[in-house]
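Subject: Structure for you to take over

Hello,

I am passing this structure on to you, and the sequence and coordinates are shown below. My notes on what was found follow after that.

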Amino acid sequence: MPWPNPIPRLPLAGLAIAAALAGTTPALADQFKQAADGAAIDCTVSQRELTRFALVEDQFASVSKISSGYPYSDFAVSNEPLRGDIYVSIPETFAARSISFFATTKKGQVYKFACRIEAIGAQQVFITNPALGQNAAARFEEATAPEETAVRLIRAMASAELVEGYEIRSLGGLPARVGDFEIQLVSDYRGAAFTGKVLRIANRTNAPVTLDADALAPVGTLALAFGKDELAPGEATSAYLVTGAGVFSHD
């Protein structure tokens, strides 16, 4: 992969990616929640399948809930010890339309969960506590000069690696057609001062095209790299874009 230097100039062709990102509405299949210590978290759990709760930069240590004493009118919570996740299952005989429970984490945080029960498929709920992750993300970013930090973030995204302190979201945005390209927002990495985005770029012409980082970089780009520079007709590749935090936000 051609690892980039900082983008020195940003021609108007860079509006292609910017327009695609601005016009894309992420299809968020998973649930992403931000919470502080002691906060109440609203969510939705599956009526017939498992719901997984996972913490970012932390792990669940224990769960507290009221038990009815009757299995047919109680929901189950299990703690997976390796990753520290918890799984909730609802019995078919459960009559209530919502559940609630408290969870304590290994870093001493306590959260209250109040969840609606709906007839949907298996769910995943990811909880981020910005107070826990911000310092770790800043340490990652400040370990090297900004240009090198951007390249390290691109390497992490290309390898699908976790970055300590970063919130990683799988977005699955709908593709947007911009000029000769179809551009899809796949995921993003959000840190303290940097944001990384993983894109899929497809050549929708009948001729080969060469991807030019200088030409395609939107305003605010710190670094941009492609899985491959040459695309045959109909071929696609991944692109890795790093900006300052808050640029092209989808919140």
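Does Ala160 count as buried or exposed? Ala160 counts as exposed, because its relative accessibility is 64% and the cut-off for exposed is over 50%. Please keep in mind that the model is a predicted one. Ala160 sits in the loop between α3 (146–158) and β10. Its backbone has a further feature: phi is near 55°, a positive value in a residue other than glycine.

Overall picture

The protein has 251 residues, and 43% of them count as buried. Its secondary structure consists of four helices and 17 strands. Among the contacts in the protein with a separation of 6 or more, 65% are between residues 24 or more positions apart.

The open sheet

One group of strands can be described as a unit. Four strands make up an open sheet, in the order β2-β8-β7-β4, and the pairing in this sheet is mixed. At its edges are β2 (40–46) and β4 (60–64), each of which pairs on one side only. From one strand to the next, the twist averages 35°.

Within this sheet, β2 pairs with β8 (residues 110–118) in the parallel sense, over seven bridges. One residue pair to look up there is Val45 and Ile117: Ile117, in β8, is the bridge partner of Val45.

The largest pocket

What is the volume of the largest pocket? The volume is about 590 Å³. The pocket is lined by 26 residues, and those closest to its centre are Val56, Arg83, Phe126, Leu162 and Ile168. Several strands contribute to the lining: β3 (51–56), β9 (123–128), β10 (167–170) and β12 (181–190) each supply at least two residues. The largest share comes from β3, with four residues.

Thr128 is a residue of strand β9. Thr128 is buried, because its relative accessible area is 13% and the cut-off for buried is under 20%. Leaving aside neighbours within four places in sequence, Thr128 is in contact with Lys33, Gln34, Ala35, Val56 and Glu167. Val56 has also been named above, as one of the residues closest to the centre of the largest pocket.

Asn203 and Thr205

The last part concerns two residues that are best viewed together. Asn203 is in strand β13, while Thr205 is in the loop between β13 (194–203) and β14 (209–210).

Why does Asn203 count as buried? Asn203 counts as buried because its relative accessibility is 0%, and buried means under 20%. Thr205 is also buried, with a relative accessible area of 18%.

The side chains of Asn203 and Thr205 are joined by a polar contact of 2.7 Å. Thr205 has a further polar partner in the backbone: a polar atom of its side chain lies 2.8 Å from the backbone oxygen of Ala207.

Which residues does Thr205 touch, not counting those up to four places away in sequence? They are Asp180, Pro233 and Gly234. For Asn203, counted in the same way, the list is Asp180, Pro208, Val209, Leu231, Ala232, Pro233, Gly234 and Glu235. Asp180, Pro233 and Gly234 therefore appear for both residues, given that contact means heavy atoms within 4.5 Å.

Two C-alpha distances show how this part of the chain lies against residues further along the sequence. Asn203 and Gly234 are 31 residues apart in sequence, and their C-alpha atoms are 5.1 Å apart in space. For Thr205 and Ala232, the separation in sequence is 27 residues and the C-alpha distance is 8.7 Å.

For a place to begin, you could display the side chains of Asn203 and Thr205 with the 2.7 Å contact between them, and then turn to the lining of the largest pocket, where β3 supplies four residues.

Regards

Methods: Residues numbered from 1 in each chain as written. Predicted model: local features only at pLDDT ≥ 70, side-chain atom pairs only at ≥ 80, totals over all residues. Heavy atoms only, no water. Buried < 20%, exposed > 50% of the residue type's maximum accessible area, 1.4 Å probe, protein only. Polar contact = N/O pair within 3.5 Å; in protein donor to acceptor, adjacent residues only side chain to side chain. Pairing = 2+ DSSP bridges. Axes fitted to C-alpha atoms, helices over the stretch in contact; angles between N-to-C directions. 1 Å grid on protein atoms, 1.4 Å probe; cavity = no way out; pocket = protein on both sides within 12 Å on 5 of 7 lines; lining within 4 Å. Points joined across faces, edges and corners; volume = space filled by probe spheres on them.
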